[in-house]
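Dear colleague,

I am handing over a structure for you to look at, and I have added my notes on it after the file. Please read them with the structure open beside you.

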Amino acid sequence: MTSQSDINQFTTLPQMLAHTLRTKPDKEGYRYYDYDKEQWISVTWREFGQRVMRWRKALCAMGFQRGDRVAMLLINSLDALTFDQAALANALVPVPLHAIDTPESAAYIMADSGCRFLVTTTKARWNAIFHSDTPIPTLEQVVFTTEEEHGYDGHTRYCGLHQWLTQGEEITENDLPQGPEPEDLAAIVYTSGTTGRPKGVMLTHRAVVSNVQDVSETVHPGDDDLFLSYLPLSHTFERTVTYYNCVAHGATLVFSRGVMQLAEDLKEIQPTLMCTVPRVLEQFYAKLQNGFAKASEAERVILRNVIASQWRKFCRDNDMPTEDDGVPSLDFLFDALYKDKVSAPIKALFGGRMKYIVSGGAALNLTVAKFFCALGIQIRQAYGLTEYSPVISINKDHGNHPATVGAPVARCEVRCGENQELQVRGPSVMNGYWNLPQATAQSFTEDGWLKTGDQVDLSDGGRVKITGRIKEIIVTSTGEKIAPVDLEFAIQEDHLFEQVMVVGEERPYITALAVVNPMQFGLLCEELGIDPNSTDINNNRDLRARIVKRIRLAAKHFPQYGVPRNAYLFKEHWTVENGLLTPTMKLRRRQIADRFASEINSLYETRRRS
C-alpha cells in the first residue's frame, strides 16, 4: 500500500504514475464499459503504462518543445487519461476542454493558449471547431480516437489514432524528452471570468501535486479503493481528488457510463469513493422522497424518527449540538428495531460499500446532507477554486459539519479579508492567468493572498462556512460558474432584448429574464402569426423556441453551460421607479429575482414538460 510518506515525496505528476507502475504493475488501474462487447473491461497499471508509452513516442515524433500546449476534447475515458499522462511525461502542457463546450469556446481556448495539437473523438467535432468564427493558427495536428479519416483543413493535419500512433514506432525510450520540473506547468485550465471569455488558470506540477498530497491526508484513499468517476475531467475537482489521487495511490478508477446511468453503475460497480456535485445528490433525494410519499402514515412516522435519531447520533459523533426533533428518549428503540431496515436500501442505492462521497462545486442543501449522513451515506463537503488546484477545505472523518465546507487542507492558510472575503495562501495557488497579467494582479492582495470572492464565517472551530458571494458569479447546481454581466450584454446585442438578467444560482442550468423592445417584438410576432398583446405569450411554444434560438446565437461565444436554455419575456421595463434598478441604473438582482420568483420557477418546470 502506498503510504502518505511515499505520496509526500512526489514533486511532479509523472512521478506518481512511475511509482505505481513500479510497485503495482499487475493491479487493476482502470475499468470501462465496452459497448461493442457489452461488458466491463479491466486494465492493469502495466497495460496502462504501455499505452502511455506509445502516446509519448507519437508526441515525441511530432517535434514538440517543452512547454508546448496540447488540447483534449474527450469524455472521461482511458484515451483521455492516456493523453494527459503522455503529455505530462513529455513536459507538455495539457489544455483540457469541456466535452459539452460550444465549438466557438473550444476554438477560443485553443487559440488563446496557442495549442499545437488536439485529440478528440470524431471528424464532425473537429469540423464544428474548424468552421467556427475563431481561427487557430498554431494548431498543427488533430487526432480522432474513433475514426481513421485523414487529410488537411488549411494548415492543420488530421488523422485517426491508429495512423498517428504509427509515427512513433521508430522512437526509442532514449529518444524521449526529459520529464517536467516542479515549476513547469501541469495544465492550463480555463474557467469563466468577468471578461465574458474563459480565463486560463496556470497550474504547476508543484501546485497540483501539493493539492493531491493535502487531499490525501484528509481523504485517506488506499490502493484497495474503487473510485467511480462521472464528473468531467476538464474540472480540477475531479482531476485532483479522483484521477490524480488514484494514480498516486494505485487505486482503481472506473469510468461511469454517464450521469443518466449513474444509479445503475453505482449498484453494479459498488465503489468505495466518489466525487459528486450537489445536483446529483438532490436528484437521488427527490426520488427517495417521492417513494416515501407513497408510504403509510405509520411508516412515515417511523422514517422521520429514525432519521432524527440517527442525525442526533451523527451530531454526537462529530461534536455538533444535537437537535431534539422527534422523540430522543426513544432513540435506542428506533436504532435497534428500524435503523438497518431504513438505511440498508439507501446504502444499496450507492452500491453498499461507499465509505464516503466528496461533494463540491456548489453548496449542498443542508436537508439533503442531513438525510444521507443520518442514514449512513457519509457526505463530506469540500470547497475550492480552480485557482487553488482546487481543494481549499474539506470535511474530515471526525468533525464532519455538513453546514460547512470543512477545515482548510494541511498547507492552505485562510483568513478573512475586507468585506469578510475568504483569502487563501499555500503551495497549490496558481501561477496566474495565461496572458492576463492585469487580471492576475487583481486576483491577489498586495501581500500575496489569493482573493476568492466569497464571504466566509470561520467561527466554527476554524471550519470554513461560505455565507455569500461578493462577485456576481452564478454557480449552478452542477458546479459551473458563469459571469452574468457580460453574458447579459452579449444577449442585448440582439436588439429584441432591451434588458436582460440571467439566473441559475444552484439551478441545473442558466435561464434568462428579458424585457423586449416593443417594435422588434411586434415584428417577430407578425412573422410567427402571434398577437403581440396577448397575455399568454410565454406559453407559446413556437415563440419560446425562436427566443431561445436567438439568445443562443447571441451567446455563442460563451461556454455551452453558460448559454441560457429558456427565457421569460416581459413588456414592462425595469426602472428606478418600480424598484428594479439602482439610481445608477444597475439591475437590482435580488429584487428582480424575488418579484419574479414564480416566473423563474416556471422556466425550469416548462423545460421539463417540453
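What follows is a walk through two sheets, two helix pairs and two single residues.

Please keep in mind throughout that this is a predicted model.

The first sheet is an open one of nine strands, and if you trace it from one side to the other you will meet the strands in the order β2-β1-β12-β11-β13-β14-β15-β16-β17, with mixed pairing between them. Its edge strands are β2, covering residues 39-44, and β17, covering residues 407-408, and each of these pairs on one side only. At the β17 end, the partner is β16 (residues 391-394), which is joined to β17 by two bridges in the antiparallel sense, and there you can find S393 standing opposite P408 of β17. At the other end, helix α3 (residues 45-61) lies across β1 (28-34) and β2, and the helix runs at about 80 degrees to β2.

The second sheet is also open, but it has three strands, in the order β25-β26-β27, again with mixed pairing. Here β25 (497-503) and β27 (567-570) are the edge strands, and because each has a single partner strand, one side of each is left without a neighbour in the sheet. On average, neighbouring strands of this sheet are turned by 20 degrees against each other, if direction is ignored. Strand β26 (residues 511-516) runs parallel to β27 and is joined to that strand by four bridges, and A512 stands opposite A567 in β27. Helix α19 packs on this sheet, where it touches β25, β26 and β27, and its direction makes about 105 degrees with that of β27.

Helix α19 (residues 541-554) also has a helix as a neighbour, namely α18 (residues 518-528), and the two axes come within 11 Å and cross at roughly 130 degrees. An angle of that kind makes α18 oblique to α19, and the crossing is right-handed. The contact is made by F521, L524, E527 and L528 on the α18 side, and by D542, L543, R546, I547 and R550 on the α19 side. Sorted by class, these residues are five nonpolar, no polar and four charged.

The other helix pair is α4 (residues 78-89) with α9 (residues 236-249), which pack at an angle of about 70 degrees with their axes 13 Å apart. This angle makes α4 roughly perpendicular to α9. From α4, the residues L81, D84, Q85 and L88 take part in the contact, and from α9 they are R239, Y243, Y244 and V247. The contact of α4 with α9 has five nonpolar, one polar and two charged residues.

Finally, two single residues deserve a look. Is L203 buried or exposed? L203 lies in strand β10 (residues 198-204), and its relative accessibility is 2%, so it counts as buried. Leaving aside residues up to four places away in sequence, L203 touches L185, A186, A187, V189, V208, T236, T386, S389 and M430. The C-alpha atoms of L203 and G432 are separated by 8.0 Å, although these residues are 229 residues apart along the chain. The second residue is Q310, which lies in helix α12 (residues 297-317) and has a relative accessibility of 7%, so that Q310 counts as buried. With residues up to four places away in sequence again not counted, Q310 touches D335, K339 and A374.

With best wishes

Notes: Residues are numbered from 1 along each chain as its sequence is written. This is a predicted model: local features need pLDDT of at least 70, side-chain atom pairs count only at pLDDT 80 or more; totals for chains, interfaces and linings use all residues. Side-chain values use heavy atoms; hydrogens and water are left out. Two strands pair if DSSP finds at least two bridges between them. Contact means heavy atoms within 4.5 Å. Axes are lines fitted to C-alpha atoms, for helices over the stretch in contact, and angles run from 0 to 180 degrees between N-to-C directions. Angles under 35 degrees count as roughly parallel, over 145 as roughly antiparallel, 65 to 115 as roughly perpendicular and the rest as oblique. Ala, Val, Leu, Ile, Met, Phe, Trp, Tyr, Cys and Pro count as nonpolar, Asp, Glu, Lys and Arg as charged, and the others, Gly among them, as polar. A crossing is left-handed if the near helix is turned anticlockwise from the far one by less than a right angle, and right-handed if clockwise. Buried means under 20% relative accessible area, exposed over 50%, partly exposed in between (1.4 Å probe, protein chains only).
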